[in-house]
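Trainee: Could we go through this one together, with me asking how each label is earned?
Mentor: Sure, fire away once it's on the screen.
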Amino acid sequence: MAILCDEKTKLLIQGLGKMGRFHAGLSRAYHTQVVGGVAPGKGGSEIDGMPVFDTMREAVQTTGANASVVFVPPPGAADAILEAADAGVDLVVCITEGIPVLDMLRAKRALRGGRTRLLGPNCPGVVTPGKCRIGIMPAQITRPGPVGVISRSGTLTYEAVDQLSRLGIGQSTCVGIGGDPIIGTNFVDALALFEADPQTRAVVLIGEIGGSAEETAAEFVKAHMKKPVVAFIAGQNAPSGKRMGHAGAIIAGGKGRASDKIAALEAAGVRVAMSPAEIGETLAKRCPELRK
Amino acid sequence: MNVHEYQAKELLRGFGVPVPPGRLATTPAEAESAARQLDSKVVVVKAQVHAGGRGKAGGIKLAKSPADAKRIASEILGMTLRTHQTGAEGKLVRKVWIEAGCEIERELYLAVVLDRAAEDFAIIASTEGGMEIEEVASRAPEKILTVHVDPATGLQSFHVRRIAFGLGLPAESVAKLEVFLGGLYRLFVAKDASLAEINPLVVTQGGDLLALDCKLNFDDNALFRHADVRELRDADEEDAREREASELDLAYVGLDGDVGCLVNGAGLAMATLDMLRAAGGAPANFLDVGGGTNQERVAAAFRLILEDPQVKAILVNIFGGIVRCDLVAEGVVAAAKELGVRVPLVVRLQGTNAAEGRKILESSGLDITPAETFREAGERAVAAARGAKA
């Protein structure tokens with residue numbers, strides 16, 4: 001078991017530019033079932049050995065795909081997400097950074113109540129070690145095991161996963177939820193999935209300044225989680241009012257500070273690493289039985 | 001992206017939101033003729049800078065005649081305005097907005113924002129106009145009325161009624177607020193704003209609603225579809241280095257420490273600042289070269305960091321996921337040689353091909369201090385900035 005994706009996932013690539021093709025190749029090399037791509041106007045052809053379709057409808061009907069990953073540039077990315085939902089996939093992962101937030105507001109509203117789960121946008125994707133890779137994560141640093149990883153960041157996730165793997169602690173699934181203000185799957189959604197997943201025995205949550213998703217996650221942990229959670233919050237030294245790389249990473253009107261998030265998590269029984277160098281160690285100390 | 005008050009008011013007018021008549025002036029003589037043309041008993045001379053708190057800092061003054069407007073404009077133009085939002089360095093005033101005065105009955109607050117947590121639009125209203133809303137929120141939160149608007153259906157008449165009656169406006173003002181708020185909401189959506197704040201919204205003695213001051217922010221990610229908004233950018237109001245970085249497509253934020261940072265990925269870059277602080281040092285900047293970087297971007301980032309005279313050491317912290325560390329190492333070496341890096345360089349490469357990358361650094365002949373772990377990187381960079389050999 002794991003969450004979001006596994007060896008049965010059949011993946012479509014939306015947007016077959018340089019980046020989409022490159023990462024489709026890496027996913028295939030990781031034994032992910034990449035069943036095709038969508039590039040309007042190129043339907044009927046083949047790219048890198050993958051069948052290409054004009055529309056998501058046609059691609060899903062022909063291949064039986066149940067997931068897609070969006071590499072479409074910002075102006076058309078929300079449209080691509082909605083097309084994936086319309087075609088009925090269970091999971092759409094959006095890698096694209098720089099989508100107008102109002103586009104995402106409307107897209108998120110349109111997905112409400114439907115069957116399709118969105119991961120991202122502005123996220124590195126999801127890896128279930130040894131089974132499936134969707135997006136742009138370096139899957140070679142992961143190893144199968146009992147720890148679920150959820151993060152708003154890309155490279156900081158790799159850092160945390162690498163620290164865990166070096167300590168001999170493997171991962172059930174590594175999930176990048178994205179650095180934008182409006183995202184499809186939030187901390188609470190991913191925590192709930194990990195709590196219900198038999199393979200996962202503990203969770204590492206990597207948050208950052210901006211918004212209140214970590215505070216909401218803390219409430220959820222307190223009320224609903226039996227599995228231990230450890231965390232790190234990036235941006236403890238970020239100035240107020242400045243956007244720190246991610247569109248969602250901004251302390252605005254005194255809200256979204258790291259200190260408030262850390263306090264909320266600690267009050268919920270989450271052990272918080274104070275230094276980014278100690279994410280793996282913090283988990284290892286909290287759950288020594290998970291070390292191999 | 002931020003715009004000036006006068007630009008925001010021009011946009012508001014275009015969406016039917018009532019604003020007082022006014023004119024822009026860049027010289028005292030222009031201010032005088034603007035005041036004359038406005039044909040108002042009193043005019044207000046308002047400094048145009050991208051910062052709040054202008055009134056308290058002496059950037060907004062009443063003038064009783066065109067000659068008075070000229071005199072006041074000559075004081076305000078060219079002054080360095082220091083408000084709680086500008087920092088100690090302040091902002092140079094290059095333009096003033098000359099506006100007709102009005103008879104004020106009440107001052108209210110009204111804003112449209114995007115609510116991240118609720119994932120909808122929020123209309124925020126308060127009877128405490130003229131005060132900063134954060135202050136009201138902390139001192140008298142019961143005086144703030146928040147009405148959520150579903151993005152699927154948009155602003156409805158009942159939203160307007162809730163706000164009008166919530167603010168204690170008379171029933172005959174509901175129609176006026178519908179025009180006012182309807183325009184503000186349409187502007188927000190049509191132009192991809194991230195904040196549209198009217199503070200104060202004035203109820204005049206005649207019962208009219210007027211936007212006396214306003215602040216508009218726009219979503220940078222949506223500027224590609226708003227050429228008219230892009231044209232309102234005032235480069236003079238932006239931090240020169242941050243502007244240069246954004247032109248190079250690098251995320252950069254200047255800080256006040258002495259360790260320059262070059263990191264791939266926003267989360268790792270924020271964590272690097274935290275690591276430096278934990279090691280007892282102070283970062284000079286936040287800089288994200290992008291998750292998948294290359295030699296050109298590394299060189300551009302180096303140039304930017306070296307322009308900061310405060311920088312006494314540079315920490316390069318790269319987690320090579322997809323990007324290979326050996327390629328990054330080549331980029332670092334090439335850039336350091338080309339630019340003649342004058343400060344100690346601490347480089348940490350981790351991830352794909354990290355060992356090969358470290359070999360390239362060692363054999364480069366450059367004075368580069370390698371670091372393997374995150375902690376080591378922070379400690380060595382802090383030591384290097386202090387002039388100690390790590």
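What follows is our talk about the labels and the numbers behind them.

Mentor: Some ground rules: this is a predicted model, where local features need pLDDT of at least 70, side-chain atom pairs count only at pLDDT 80 or more, and totals for chains, interfaces and linings use all residues. Residues are numbered from 1 along each chain as its sequence is written, while chains are lettered from A and ligands numbered from 1 in the order in which they are written.

Trainee: Why does A:Asp90 count as partly exposed?
Mentor: Buried takes 20 or more other C-beta atoms within 10 Å of the residue's own, exposed takes 12 or fewer, and partly exposed is what lies in between, with C-beta atoms placed from the backbone. A:Asp90 has 15 C-beta neighbours inside 10 Å, so partly exposed it is. You'll find A:Asp90 in the loop between α3 and β6 (91–94) of chain A.

Trainee: And what is A:Asp90 in contact with, beyond its neighbours within four places in sequence?
Mentor: A contact here means two C-beta atoms, placed from the backbone, within 7 Å. On that rule A:Asp90 touches A:Asn66, A:Ala67, A:Arg115, A:Thr116 and A:Arg117. Also, the C-alpha atoms of A:Asp90 and A:Gly114 are 9.4 Å apart, with their positions 24 residues apart along the chain.

Trainee: What makes the chain A fold agree with a compact globule?
Mentor: The radius of gyration is taken over C-alpha atoms, and the globule rule is 2.2 Å times the number of residues to the power 0.38. For 292 residues that comes out near 19 Å, and chain A has 18 Å, so the two agree. Its C-alpha atoms fill a box of roughly 55 × 45 × 30 Å along the principal axes, and 59% of the 292 residues count as buried. Of the contacts in chain A between residues at least 6 apart, 72% join residues at least 24 apart.

Trainee: How many helices and strands does chain A have?
Mentor: Nine helices and 14 strands. These are DSSP runs numbered from the N terminus: H or I over at least four residues for a helix, E over at least two for a strand.

Trainee: Which strands are called edge strands in the open sheet of chain A?
Mentor: Seven strands make up that sheet, in the order β9-β8-β11-β10-β12-β13-β14, with mixed pairing. Two strands pair if DSSP finds at least two bridges between them. β9 (132–135) and β14 (271–272) of chain A each pair on one side only, and those are the edges.

Trainee: How do you know that β10(A) and β12(A) pair?
Mentor: β10 (residues 144–151) and β12 (residues 202–208) of chain A share five bridges and run parallel. One facing pair is A:Ser151 and A:Ile206 of β12(A). As for what packs on the sheet, helix α8 (residues 258–267) of chain A touches β12, β13 (229–234) and β14 of chain A, at about 175° to β13(A). Helix α9 (residues 266–278) of chain B packs there too, touching β12 and β13 of chain A at about 85° to β13(A). Those angles run from 0 to 180 degrees between N-to-C directions, with axes fitted to C-alpha atoms, for helices over the stretch in contact.

Trainee: In what sense do β8(A) and β9(A) pair?
Mentor: Antiparallel, over four bridges, with β8 covering residues 125–128. A:Val127 has A:Arg133 as its bridge partner in β9(A). Their hairpin has three residues between the strands, and A:Gly130 takes a positive phi near 80° there.

Trainee: Which element gives the most to the side of chain A that touches chain B?
Mentor: Start with the totals: 47 residues of chain A are in contact with 43 of chain B. α3, α4 and α5 (155–166) of chain A give two or more residues each to that side of chain A, and α4(A) gives the most, with six. By class, the side divides into 24 nonpolar, 15 polar and eight charged residues. Nonpolar covers Ala, Val, Leu, Ile, Met, Phe, Trp, Tyr, Cys and Pro, charged covers Asp, Glu, Lys and Arg, and polar takes the others, Gly among them.

Trainee: Which residues of α4(A) are buried?
Mentor: In this helix (residues 101–111), they are A:Val101, A:Leu102, A:Asp103, A:Met104, A:Leu105 and A:Ala107. They pack against α3 (74–86) of chain A together with β7 (104–115), α6 (174–190) and β10 (193–204) of chain B.
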